[in-house]
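Work through the exercises below with the sequence and the model at hand. Each task is followed by a solution in steps.

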Amino acid sequence: MYQIRPEDKAYVEEFKKTPIGHHSPNLQRILNLFRGEPMAGKYVLICTRPHREWTLAVLPGARGERIRMTEEVFQSIEQAEWYVFKQRWAKYAGENLGD
Amino acid sequence: MKQIMGYSDKISVCPSETIRFMVSCEKASNYKARLVRIIHGDTNPEGPGYKERAVKSDLEGTYKGRKQAICPGSCIVIPNHRAFEQLGSFSVQAMVWPTTPEKGRQSILSRWNAKSGAGFILGLDDQGGLVLTLGDGTGASEDVRTGKVMLAREWYFVAASYNAANGEVCLYQDPLVAYAKVDTSAELRRTAKVRPRHANGAPFVVAAHYAQTSNGRARTDGHYNGKIDRPSLADRVLSRLEMEQLRGGDPPHSLSSAIVGLWDFSKQITTEQIIDVSPNRHHGETLNLPARAMTGWNWTGEEMCWRHKPEQYGAIHFHDDDLYDAGWEADFAFTAPAGLQSGLYAAHVATEDDEDFIPFVIRPERGKATSKLVFVVPTASYMAYANEHMATDAALAELLTGSVVALQPVDVFLHEHREYGYSCYDTHSDGSGVCYSSRLRPILTMRPKYQSWLGGKGSSLWQMNADTHIIDWLEAMKFDYDCITDEDLHAEGYEAIAPYRVFMTSTHHEYWSKQMWDALDAFKKAGGRLIYTGGNAWYWRIAYHPTKPGVIEVRRAEGGIRAWAAEPGEYYHSFTGEHGGLWRRQGLAPQKMAGVGFSAQGFDLSSYYRRTKESFDSRVNFIFEGVDKDELIGNFGLIGGGAAGLELDRADRLLGTPPNALVLASSENHTPIYMVVLEEILINAPGLCGGENDLVRADIVFYETPSGGAVFATGSIAWAGSLSHHNYDNDVSRITSNVLRRFLDERPF
Ligand SMILES: [Fe+2]
């Protein structure tokens with residue numbers, strides 16, 4: 001499993017600018033780690049107003065069990081991406097990123 | 001929570017034919033129904049927006065709401081018989097390959113009445129060891145257990161006998177493969193206090209036990225996951241040697257009077273029939289389509305096709321979540337009136353707080369075309385994806401989309417309510433692949449307004465709702481068209497499309513039966529024109545059930561991008577005996593049908609195409625009328641922001657692209673999550689992603705056929721998402737309409 005290295009910090013800005021789409025190989029490697037998380041506890045979005053609003057939720061990792069909705073609500077997918085990235089950065093790099 | 005949903009008995013009707021609708025309401029005591037024509041199911045405010053056309057019809061009205069149950073889980077039911085009721089002593093046995101011994105109590109062979117608690121069940125106990133349960137029907141029951149937990153996915157001989165004279169029970173749990181230090185075998189003898197009551201009115205059930213009968217259907221419980229092979233029932237205590245003699249081949253004469261039933265699942269594999277090869281002929285039927293043509297306990301690996309050695313394919317794989325026909329009662333019926341324009345329709349049903357669309361196709365009168373253009377609605381592909389659960393079951397979903405997976409309320413509902421059944425992209429609760437998919441149940445992903453996590457950034461549409469981009473464009477551009485479905489093409493063959501000049505496919509026409517393939521091949525050979533504005537078509541070979549309506553089979557044989565892999569020896573369809581898997585692996589790559597075939601996929605952003613030198617050939621001037629010579633084609637759109645995206649096809653002479661084909665444009669600049677398809681990879685090596693591999697591209701191809709016809713293909717699922725851009729005035733729309741106009745023109749190419 002890839003482990004976040006100090007020099008990876010340089011790619012946080014790149015992600016913030018372009019969360020979805022073309023990425024440098026170094027950023028892509030970080031995202032492969034983040035986005036490849038196992039299902040139990042994985043973040044997903046639930047579309048709560050079509051094309052307008054998405055609520056962050058957490059998968060249970062088992063069939064039929066409830067998907068837990070959180071209080072986090074976003075008006076764009078990009079906002080949600082940045083929020084989830086920050087949570088995962090804290091988990092894997094041990095550092096809280098600002099807004 | 002979904003409040004209302006339904007399905008129909010048919011997926012297409014001609015005028016004067018009748019279609020029935022089955023509806024279930026969670027709470028509402030009544031609901032309204034009306035007929036709509038589906039035009040544009042995409043609710044994205046960046047596009048033209050949702051469009052339907054209300055159609056006056058006699059199905060319109062208010063109906064009584066009621067909840068209809070859906071009961072998944074497959075099994076075999078052998079109707080009750082005097083011989084079962086009159087049993088005293090008995091022996092039961094089978095070869096079994098349990099896949100979830102740990103899941104809790106499961107019934108393997110049973111004659112049990114759940115209401116009275118009378119009879120017996122040979123099954124797995126809550127630990128995963130063999131148990132014989134005896135019930136006297138007055139409240140007393142007794143378990144005799146081996147106490148040894150079985151290993152998953154290992155073959156076992158399991159058996160029990162009961163001696164009515166002295167209450168002695170013998171239990172046998174014998175693995176075929178032995179391991180050092182792990183002993184899961186057991187053989188025990190015990191005296192039971194409870195005397196089983198055989199006069200219980202219950203059928204003999206394999207892989208479950210009988211619970212009750214409702215609406216004329218046996219409801220079952222205690223469903224078992226795994227394979228069962230060659231079960232039998234005898235009316236006396238058999239010795240271990242006699243049990244051995246029943247494991248294969250013809251039983252010896254000395255046993256013939258003892259055998260009550262000996263069921264050989266290698267007979268009638270293509271059907272739901274279960275054959276008792278004993279003279280007593282206690283034949284039965286499968287319920288909810290467990291998987292047949294499965295390798296048996298005696299499969300040697302020397303033969304890969306069940307037709308060649310059926311005696312090694314005597315296993316059936318049962319799943320507690322198999323579902324064929326929900327079996328709901330009909331709420332209303334609709335007879336298509338003459339003169340109703342052919343198209344994609346739906347019965348819209350709505351309570352005060354929820355709605356559902358039950359889509360179906362209205363065809364023109366049988367044998368009569370009302371247009372020169374036929375749009376073939378790929379209902380087999382819709383079924384393959386029916387109620388697909390990848391977003392909540394497969395950890396790689398977020399890697400495929402390159403963005404946090406976005407679920408719709410329907411996806412959450414299907415995750416929490418597993419009883420609506422699976423798609424051929426899912427695995428069963430025991431991890432084995434889902435090889436059958438039926439439409440006789442609500443398919444909540446086959447709906448207008450539904451968005452799919454797979455559908456790229458933007459509108460995020462997949463399959464049926466994505467195809468409404470094409471329907472909307474045909475309507476907006478005032479092209480007339482008829483609709484038929486895959487099922488019509490399969491059932492009627494070439495005849496179903498012979499009256500047409502142009503065959504237009506959908507965004508992702510992936511699943512084809514041999515009959516469908518041959519029909520389109522014949523159409524092309526007769527000079528018909530093919531427009532393929534989609535990606536990854538003609539990929540998987542499927543079989544329709546020869547007699548049961550509305551169900552397809554997919555075997556994910558070796559090769560191809562697969563959500564699961566068929567087990568060795570299980571590549572042949574049980575419905576037909578045909579080899580499953582990719583058409584490409586059977587010598588028919590998609591390039592042979594349309595000049596392009598699956599090459600790469602990714603599900604974040606789409607891209608554009610760049611014209612090639614070949615696009616300036618005078619043969620294709622008509623295609624590029626109104627398009628600038630250095631214009632990037634489709635650098636916009638509702639699906640990922642470009643016309644080249646999601647699944648991409650390329651031309652390849654060696655895979656079958658005709659030598660006269662012109663590659664008019666190729667896409668480029670795909671993101672790094674686009675990757676080359678697996679069937680192109682022999683030795684895996686770095687460099688398989690967008691931006692670094694030449695196979696990550698879509699090609700636009702045109703070629704003439706020898707009979708004056710022609711083929712035009714764009715090789716991208718996202719193409720249709722660009723058609724409506726700038727009020728339908730854009731290069732994707734222009735190219736598509738230039739091609740369609742010329743293809744409708746009778747002049748031979
Ligand atoms: Fe597909």
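**Exercise 1. A sheet of three strands**

Task: In the predicted model, find the order of the three strands that form an open sheet in chain B, and state which of them stand at the edges.

Solution. Step 1: the order is β40-β38-β42 in chain B, and the pairing is antiparallel. Step 2: β40 (647-651) and β42 (675-676) of chain B each have a single partner strand, so they stand at the edges and one side of each is left without a neighbour in the sheet. Step 3: β38 (residues 596-601) of chain B is joined to β40(B) by five bridges. Step 4: within this pair, the residue opposite Phe598(B) is Asp649(B) in β40(B).

**Exercise 2. A sheet of eight strands**

Task: Trace the open sheet of eight strands in chain B, and identify the helix that packs on the sheet.

Solution. Step 1: the strands follow the order β31-β28-β32-β34-β44-β43-β41-β39 in chain B, with mixed pairing. Step 2: β31 (482-485) and β39 (608-611) of chain B pair on one side only, which makes them the edge strands. Step 3: on average, neighbouring strands of this sheet are turned by 20° against each other, direction ignored. Step 4: the helix is α8 (residues 464-476) of chain B, which touches β28 (373-377) and β32 (502-504) of chain B. The direction of α8 makes about 160° with that of β28(B). Step 5: elsewhere in the sheet, β41 (residues 662-668) and β43 (residues 699-704) of chain B run antiparallel and are joined by four bridges. Ser666(B) has Asp699(B) in β43(B) as its bridge partner.

**Exercise 3. The interface of chains A and B**

Task: Describe the contact between chain A and chain B by residues and by buried area.

Solution. Step 1: 36 residues of chain A touch 40 residues of chain B. Step 2: about 2,800 Å² is buried between chain A and chain B, and carbon and sulfur atoms give 59% of this area. Step 3: of the area that chain A buries against chain B, 26% comes from His22(A), His51(A) and Arg63(A), more than from any other three residues.

Task: Which polar interactions cross this interface, and which elements of chain A take part in the contact?

Solution. Step 1: four salt bridges are found across the interface of chain A and chain B. In one of these, Arg88(A) is paired with Glu398(B), with the closest N and O atoms 2.7 Å apart. Step 2: 17 residue pairs between chain A and chain B are in polar contact. Step 3: α2 (25-35), β1 (43-49) and α3 (77-93) of chain A each give two or more residues to the side that touches chain B. Step 4: that side of chain A has 18 nonpolar, eight polar and 10 charged residues. Step 5: β1(A) pairs in the parallel sense with β29 (residues 406-407) of chain B over two bridges. Here Leu45(A) stands opposite Ala406(B).

**Exercise 4. A salt bridge within chain A**

Task: Which parts of chain A does the pair of Glu95(A) and Lys9(A) tie together?

Solution. Step 1: Glu95(A) and Lys9(A) form a salt bridge, their closest N and O atoms being 2.7 Å apart. Step 2: Glu95(A) lies in the segment after α3 of chain A and Lys9(A) in the segment before α1 (12-17) of chain A, so the pair ties together parts 86 residues apart in sequence. Step 3: over all chains, the count is 61 salt bridges.

Definitions and conventions:
Residues are numbered from 1 along each chain as its sequence is written. Chains are lettered from A and ligands numbered from 1 in the order in which they are written. This is a predicted model: local features need pLDDT of at least 70, side-chain atom pairs count only at pLDDT 80 or more; totals for chains, interfaces and linings use all residues. Side-chain values use heavy atoms; hydrogens and water are left out. Two strands pair if DSSP finds at least two bridges between them. Axes are lines fitted to C-alpha atoms, for helices over the stretch in contact, and angles run from 0 to 180 degrees between N-to-C directions. Contact means heavy atoms within 4.5 Å. Buried area is the accessible area (1.4 Å probe) that two parts lose on being put together, summed over both. A salt bridge is a side-chain nitrogen of Lys or Arg within 4 Å of a carboxyl oxygen of Asp or Glu. A polar contact is a pair of N or O atoms within 3.5 Å; within protein, one must be able to donate a hydrogen and the other to accept it, and residues adjacent in sequence count only if both atoms are side-chain atoms. Ala, Val, Leu, Ile, Met, Phe, Trp, Tyr, Cys and Pro count as nonpolar, Asp, Glu, Lys and Arg as charged, and the others, Gly among them, as polar.
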